[in-house]
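Q: I am new to this structure and would like to know the reasons behind the terms used to describe it. Could you go through them with me?

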Amino acid sequence: MIISSVNATLSVTTSLFRRSNNSLRSLTFCLPFSSSAAFVSSTDKRSRKKWSQPVFAALEVGGVKITKQDVVKDGDPTNNVPDNIFSKLGMQLHRRDQHPLGIIKNAIYDYFDTNYSNKFNKFDDLCPIVSLKQNFDDVLVPEDHVSRSYNDTYYIDPQTVLRCHTSAHQAELLRDGHTHFLVTGDVYRRDSIDSTHYPVFHQMEGFRVFAPDEWEASGMDATSFSAADLKKCLEGLARHLFGEVEMRWVDTYFPFTNPSFELEIYFKEKWMEVLGCGVTEQEILKSNGKSNNVAWAFGLGLERLAMVLFDIPDIRLFWSDDERFTSQFSKGQLGVKFKPFSKFPPCYKDISFWINESFTENNLCEVVRGVAGDLAEEVQLIDNFTNKKGMTSHCYRIAYRSMERSLTDEEINDLQSKVRELVQSKLEVVLR
């Protein structure tokens with residue numbers, strides 16, 4: 001089951017470690033990155049940060065050292081992982097108990113531990129580098145699905161990707177004999193730039209397998225029994241997180257569950273999608289030694305829930321190590337409202353160019369992020385037209401803003417100049 005993005009839709013919009021040369025096989029658990037002192041901005045030396053972002057060059061996986069060159073391969077056309085994405089590997093925000101994402105994760109753990117007597121095994125340190133088969137084939141994603149494209153997914157090589165969803169570990173866990181499990185982790189998708197989208201975010205998947213005697217005793221058929229248990233479980237989880245709220249179920253479609261549902265709650269005077277779920281396709285169970293069973297699965301985006309419960313307005317803030325952000329949250333304190341600590345103005349710059357047939361907006365956003373990092377707040381298409389010769393022009397407005405300080409005109413002009421240069425050379429468009 002593919003778990004929802006920050007918008008909490010259970011979808012495949014866009015992978016245990018296996019190198020194409022077979023030098024690494026089925027390495028599952030990530031050990032910490034080596035790190036040195038965290039970078040401290042010259043403009044903000046008030047204190048050491050509460051959470052330091054590591055500076056690293058290698059990852060230890062199963063005793064094997066994986067260097068940056070194993071993940072970022074400049075000049076290799078089958079590799080599209082940029083430096084800024086590699087730098088997020090090993091950060092594991094969801095394992096920090098005082099981080100909003102860790103607080104949400106632990107609150108969900110508490111619900112399952114209390115209501116299911118610790119039946120659910122928990123996994124939150126599975127390696128995000130997986131095979132194409134794990135990421136797509138094992139969860140029945142069609143061969144021609146858009147999520148398999150280089151435009152949506154980060155490929156290390158033609159058979160290895162950064163997982164798009166924590167469901168990439170589902171088949172392995174089933175084969176290992178697990179029947180009740182929660183999988184939490186960082187996931188990676190090439191995406192747009194705005195306040196609710198980021199190329200790295202965090203998901204949790206829940207999975208439960210039933211034996212025949214469980215549904216036979218109920219007098220219900222296997223699918224109906226599983227669906228009813230699923231809905232009861234997730235309605236309880238919604239109340240655990242949000243209190244007594246109105247809920248509704250929406251029928252939907254996913255390739256890996258049937259039937260499939262989305263849970264919405266009425267919160268802050270509007271309907272909000274919380275998660276996607278469904279009864280697992282029998283093909284998945286049969287392929288992993290569970291032919292006589294039925295199962296359910298759900299998936300949710302931690303950022304989506306945290307932004308709502310903590311009133312966090314911009315997804316970039318989750319990656320901030322500014323003490324004015326980190327000091328506002330404490331272990332076990334769910335729903336503490338974030339207090340904005342700065343109101344620095346954005347700076348807007350436009351860029352216009354004639355596009356080619358291979359142009360995509362995701363590719364443009366990768367260029368902008370590669371140059372500006374988290375200073376890029378939004379990239380928005382504001383104008384497009386096609387001339388009499390059939391050439392199409394796009395004009396994009398880029399909003400630059402720091403959440404910690406005011407940016408200078410010199411900085412912005414330098415960033416925009418680099419963006420223009422790389423857009424022209426990497427995307428092979430014609431600037432106007």
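Q: Which residue stands opposite Phe207, and what makes strands S9 and S13 count as paired?
A: In this predicted model, Phe207 stands opposite Ala297, a residue of S13. Two strands pair if at least two bridges are found between them, and S9 and S13 (residues 294-301) are joined by eight bridges and run antiparallel, so the requirement is met.

Q: What makes S8 a partner of S9 as well?
A: Between strand S8 (residues 180-188) and S9 there are nine bridges, in the antiparallel sense, set against a requirement of at least two. Among the residues involved, Val183 has Glu205 in S9 as its bridge partner.

Q: How do you know that S12 pairs with S13?
A: Strand S12 (residues 270-280) is joined to S13 by four bridges, and the two run antiparallel; since at least two bridges are needed, they count as a pair. Gly276 stands opposite Gly299 of S13.

Q: Why is S9 called mostly covered?
A: A residue is called buried when its relative accessible area is under 20%, and eleven of the eleven residues of S9 (residues 200-210) are buried. In a regular strand the side chains alternate between the two faces of the sheet. In S9, Val200, His202, Met204, Gly206, Arg208 and Phe210 point one way, while Phe201, Gln203, Glu205, Phe207 and Val209 point the other way, and all are buried.

Q: What makes both faces of S13 covered?
A: On one side lie Val294, Trp296, Phe298 and Leu300, on the other Ala295, Ala297, Gly299 and Gly301, and all of these are buried. Eight of the eight residues of S13 are therefore counted as buried, and the strand is described as mostly covered.

Q: Why is Cys233 called buried, and how do you know that it is in no disulfide?
A: The relative accessibility of Cys233 is 1%, which is under the 20% limit, so Cys233 counts as buried. The structure holds zero disulfides. For Cys233, the nearest cysteine sulfur, that of Cys277, is 9.4 Å away, whereas a disulfide needs two sulfur atoms within 2.5 Å.

Q: Is Cys395 buried or exposed, and why?
A: Cys395 has a relative accessible area of 12%, and because this is under 20%, Cys395 is buried.

Key: Residues numbered from 1 in each chain as written. Predicted model: local features only at pLDDT ≥ 70, side-chain atom pairs only at ≥ 80, totals over all residues. Heavy atoms only, no water. Buried < 20%, exposed > 50% of the residue type's maximum accessible area, 1.4 Å probe, protein only.
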